[in-house]
Amino acid sequence: MILDRDSVQKPIRIRLRRPDNWHNHFRQKGDPRFAPTVAYIARQFARANAMGNIDPPILTATQMIGYWNDIREVAKAAGFLDFKPLMVVMASPNTTPAMLTAAFSAGAYGVKIMPANATTNSAHGIIDYKDPKFLDVLRVTRDQRRTALFHAELPSRPRAVRERAFIPILDQIRKKIPDLKICVEHISDAQMVEWVINQGDLVCATVTPHHMSVTSDMADQDPHLQCMPYPKSLQDVFAVRTAAMSHPRFFYGSDNASHLRPAKERTDASPASGVFTAPTELPVLVELFEAHGHLDQLEEFLCERGAHWHGVPLNQGEIELVRNPWDVPDVIDLCNGHEIVPYNTIPH
Ligand code: DOR
Ligand code: ZN
């Protein structure tokens with residue numbers, strides 16, 4: 001379904017190859033967010049990433065297989081029999097090459113590197129990017145032709161510059177391990193966009209709907225738009241959006257990250273970080289690409305570039321999006337009174 005804002009003279013139907021979502025948080029079994037999120041995602045995507053920052057985090061092959069089974073079970077129960085979770089393991093300071101090799105053998109396409117305490121469930125994350133053990137993790141990733149997926153932020157810096165402050169770390173890593181495949185996740189900063197573009201074919205970025213639309217001013221006013229990396233200036237939004245709408249190494253990863261209303265709207269502490277894009281993401285993307293005259297780039301961005309970059313086959317089959325008026329609800333009852341606010345931002 002497509003949001004019906006100013007729909008005159010715009011196509012009624014759009015057919016696309018079944019899409020991929022290269023960055024997503026499903027949450028976990030036992031959590032009220034888990035089953036509804038799996039259903040929202042599996043309904044729209046043939047494949048979607050399952051980020052492992054759950055509790056406990058996905059650090060081993062065994063945990064990853066368990067998580068894969070949980071997601072598949074719920075997807076099947078919702079009727080999505082062929083949905084494919086795209087699995088990764090999280091790096092910790094104690095990750096060994098053997099742990100990583102086992103995870104890659106079990107089907108992980110990469111290792112996710114989160115800075116310690118940068119965001120939700122990241123206490124296990126990385127602190128020292130020069131640690132020889134960490135560099136070994138990256139070398140194994142390189143040797144096995146998998147991807148190092150970076151949450152590229154330096155949490156010690158003010159949030160407006162956290163992502164650009166990570167560029168020297170990436171430069172050092174590229175110098176030491178030039179043939180490592182790197183994905184900068186949920187890219188948010190014009191300087192990082194430029195850095196990725198300048199690196200050549202082994203470096204890519206995923207792009208979220210919100211980092212293509214939401215500025216820091218907007219997020220300051222609305223906890224439901226707050227996420228990590230924190231939204232930035234309009235100039236950054238333009239840079240991210242322009243790359244998404246034109247560059248072969250920028251592709252879709254929604255970073256759908258649900259938090260229930262009490263966690264988002266609490267006043268005694270900072271709101272939980274993450275934007276719940278799952279119910280609205282495809283209509284929002286169509287609107288955004290359409291508004292900027294780049295509907296022709298949508299299929300590449302959403303369905304093709306990620307598969308090309310990761311070297312996996314394109315999905316078979318198509319989805320059809322039909323333009324219909326839709327009043328997106330302000331609040332969704334996920335189940336049994338667990339309320340959540342879906343993303344629904346009009347593009348600039
Ligand atoms: O805003 C975010 N939320 N950024 C992340 O990196 C994690 C995510 C979450 O899991 O809630
Ligand atoms: Zn994420």
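# Values set against their cut-offs

Author: A side-chain N or O atom of Thr119 lies 3.3 Å from a nitrogen atom of ligand 1. The model is predicted: local features need pLDDT of at least 70, side-chain atom pairs count only at pLDDT 80 or more, and totals for chains, interfaces and linings use all residues. Residues are numbered from 1 along each chain as its sequence is written, chains are lettered from A and ligands numbered from 1 in the order in which they are written, and side-chain values use heavy atoms, with hydrogens and water left out.

Reader: What makes the pair between Thr119 and ligand 1 a polar contact?

Author: A polar contact is a pair of N or O atoms within 3.5 Å; within protein, one atom must be able to donate a hydrogen and the other to accept it, and residues adjacent in sequence count only if both atoms are side-chain atoms. The Thr119 pair is at 3.3 Å, so it qualifies. Thr120 also qualifies, with a polar side-chain atom 2.8 Å from an oxygen atom of ligand 1. Ser273 uses a backbone N or O atom, 2.9 Å from a nitrogen atom of the ligand.

Reader: Why are His23, His25 and Asp255 called donors of the zinc ion (ligand 2)?

Author: Donors are N, O and S atoms within 2.8 Å of the metal (3.2 Å for Na, K and Ca); water is not among the atoms, so sites may look incomplete. The NE2 atoms of His23 and His25 and the OD of Asp255 lie 2.0 to 2.1 Å from the zinc ion, so they count. His23 is in the loop between strand 2 and helix 1, while Asp255 is in the loop between strand 9 and helix 9, 232 residues apart. Helices (H or I, at least four residues) and strands (E, at least two) are DSSP runs, numbered from the N terminus.

Reader: How do you know whether His23 and Asp255 are buried or exposed?

Author: Buried means under 20% relative accessible area, exposed over 50%, and partly exposed in between (1.4 Å probe, protein chains only). His23 has 0%, so it is buried. Asp255 has 5% and is therefore buried as well. Cys335, at 26%, counts as partly exposed.

Reader: Why is Cys227 in no disulfide?

Author: A disulfide is a covalent bond between the sulfur atoms of two cysteines. Here the rule asks for a pair of cysteine sulfur atoms within 2.5 Å. For Cys227 the nearest cysteine sulfur, that of Cys183, is 16 Å away, so the rule is not met. The count for the model is zero disulfides.

Reader: What makes Tyr129 and Phe134 an edge-to-face pair?

Author: Rings of Phe, Tyr and Trp (its six-membered ring) pair if their centres lie within 6.5 Å; planes under 30 degrees apart count as stacked, over 60 as edge-to-face and the rest as tilted. The centres of Tyr129 and Phe134 are 5.5 Å apart and the planes are at 85°, so the pair is edge-to-face. Tyr129 also pairs with Phe166, at 5.1 Å and 90°, so that pair is edge-to-face too. Tyr129 and Phe166 are 37 residues apart in sequence, so their pair ties together separate parts.

Reader: Why is helix 10 described as largely enclosed by the rest of the structure?

Author: Helix 10 covers residues 281–291, and ten of its eleven residues are buried, so the description follows. Among them are Glu281, Val284 and Phe289.
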